[in-house]
Amino acid sequence: MIESILEHINYIGAMALFIIGLYTVLTHNNLLKRVIGINIMETAVFLFFVSIGYVEGARAPIVLENGETLFVNPIPSALILTGIVVAVSITAYSLSLIVKLYQHHQTLDMSEIMAAQSEDRS
Amino acid sequence: MNQYPIMMMVLMLASAALIPIVNVKFKQHLHAFIMIVMSALVLLGIFNVKHVIAFGESYINFGGYRASIGIEFYISQLSSLFVLFVIVLSWIIILYSLKDMDHHIANSKLKSYYTLVFLMLFALIGLSFTFDMFNMYVFMEILSLTSAAIISIKDKRENILASFRYLLLNTIGSLSILFGIALLYMVSGHLNMGELYRSMSTLIELYPMNLLLAIGFMFMGLAIKSAMFPMHVWLPDAHSTAPSPSSALLSGIVVKVYIFTVIKLMVYVFGVDVIRTLQIDVAISILAVVGMIMGSIFAIGQKDIKRMLAYSSVAQIGYMFLGLSLLTSAGIAAVMFHIITHGIIKSALFLSAGSIIYKTDIRDLRQFNGMGYTMPLTMAVFSVAALGLIGIPGINGFMSKVYLSLAIVDGGQPLLLGAILVSSYLNAVYYLPIIINSFLRNDPVSQPNMIAEKLPNVMIASMLVLLLAMIVTGFYPQLFMRSIESAVAFLGL
């Protein structure tokens, strides 16, 4: 039991992080905390993806003269580089939206902003 | 080899990069440039469909890598037709936006708006053609960033909030899709859709848990992005606050491409048998029926015209998922026809609502009394489109309901017909009062003589094209249906 947990600790950790991130996004009212939650979720998925390509005791996939053949799978790492770029752009864009919301409302609390706007509408 | 899809994408990317750096003195030059690019795109789309019909479906491999390690595009008949529909509809909407955007944003922002729209079209074309799971994720992220940005470009505070919520939920959706992709890659070692399909029979025996989790994550993500009923919370705000051309683009095109992605995943990746074995289709059909009815019920209570149209989209998305859940070729053909129908009708509705807002600044449905006298042309387009959504014969909405009902009867689930009937009644409950109020009730303030409204020509032209499309496809649905059916036959269901 404990051995199988230790063997899959990456996957369990990724799942736990994903749930923590989702919980943060869905329950917190602070806009910045929501963006942080998204970032935690992204990190969880990246950790999961990179763990798939990991091989115990293997080297980085650079072919050398000395004939070693045990390499980690480079594809997940390459994909996650793209994923990180996407994550950064989403974070930057959502932070810029938060700046604008703060300028309009002088608060970062989602429920206050929603209340102010629904008052506007009616 | 069929190079047209690559040419389309390069054209979009290059012109999106060109727009902000070219110094234009007059706005007319910018407009001319945009329409020339869009017309070239339409031509390329037509050539692509012709090429696919003449020479058959083909694959494009980028960079000369094998399909299993490189990125592959699959140019199927269905995706070519879908891309042509996307391009033609966005041509019409962009023609409308040339004048209407002046009303929403400052002149200095026009360039960035069209850059975003072109990048969005680039992602839409890529998402329809791609045959690689990770590539699909990247296009989805480009699409969600650009589509959130065309909402927030109108610098009002409700736009920014709507755009923020849209971005947040969309990102959760993309992340759960990426999680699903990771779970599939973990057990199969493939990202290519064709390779995944070939290994599906061993996966379901050896790793049923992984497969079920992956399908669950991916469908949950796509359900958020395509606003399936309980995950639709972002849609009303996003579609109603956006500038009218953006609303039409988002509601007519962007939501549809995610439904098209669901079709691709069901047919090309998992295969219909796996979906049936895991009973995903039952879950989809239940959510679809609830969405069809609840979306309409929410729409009844709305006072803002664009919010009402947005809730009506939620109901119509239910129809599409209902057709998908049948998993038959007749069902998918009906869904494709409804995608086209709803794209035309909903754009017509949003553009005519946009014209009313452009001319009178009235968004409140209670002030629509006598609108048919002040804006006869706009309200005529609106009424025909609304009657089409209710399902009056002679307009294409009726034909798509007929095809959907026939597919449901074929699929052996006649109880679902009741849901279509109830939803149609509910549609009538919220669309008919608008038509009656605007044409039969007089506004005490305005004089009762009818004069054609003075809207900019491009806005009238694009609305009339949509009106014509609705009526022509209402009387001659075979024009579209024949090519859709022959394309769906290639799916091999």
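**Burial, packing and exposure in a predicted two-chain model**

Tutor: In this predicted model, Asn135(B) touches Ile71(B), Phe73(B) and Thr130(B), leaving aside residues up to four places away in sequence; contact means heavy atoms within 4.5 Å. Residues are numbered from 1 along each chain as its sequence is written, chains are lettered from A in the order in which they are written, and hydrogens and water are left out of side-chain values. Local features need pLDDT of at least 70, side-chain atom pairs count only at pLDDT 80 or more, and totals for chains, interfaces and linings use all residues.

Student: Why is Asn135(B) called buried?

Tutor: Its relative accessible area is 13%. Buried means under 20%, exposed over 50% and partly exposed in between, with a 1.4 Å probe and protein chains only, so Asn135(B) counts as buried. The residue is found in helix α5 (residues 133-152) of chain B; helices are DSSP runs of H or I with at least four residues, numbered from the N terminus.

Student: What makes α7(B) oblique to α10(B)?

Tutor: Helix α7 (residues 193-206) and helix α10 (residues 244-270) of chain B pack at an angle of about 55°, with their axes 7 Å apart. Angles under 35 degrees count as roughly parallel, over 145 as roughly antiparallel, 65 to 115 as roughly perpendicular and the rest as oblique; the pair is therefore oblique. On the α7(B) side, Met193(B), Leu196(B), Tyr197(B) and Met200(B) make the contact, and α10(B) contributes Lys264(B), Val267(B), Tyr268(B), Val269(B) and Phe270(B). The axes are lines fitted to C-alpha atoms over the stretch in contact, and angles run from 0 to 180 degrees between N-to-C directions.

Student: How do you know whether Val472(B) is buried, partly exposed or exposed?

Tutor: Its relative accessible area of 35% falls between the two limits, so Val472(B) is partly exposed. Val472(B) is found in helix α19 of chain B, and α19(B) gives the nonpolar patch its largest share, four residues.

Student: What makes the phi of Gln106(A) notable?

Tutor: Gln106(A) has a positive phi of about 60° although it is not a glycine. Most residues other than glycine have a negative phi. Gln106(A) is found in the loop between α4 (74-105) and α5 (110-121) of chain A.

Student: Why is Gln279(B) called exposed?

Tutor: Its relative accessible area is 53%, which is over the limit for exposed, so the term applies. Gln279(B) lies in the loop between α11 (272-277) and α12 (280-300) of chain B.

Conventions. Helices (H or I, at least four residues) and strands (E, at least two) are DSSP runs, numbered from the N terminus.
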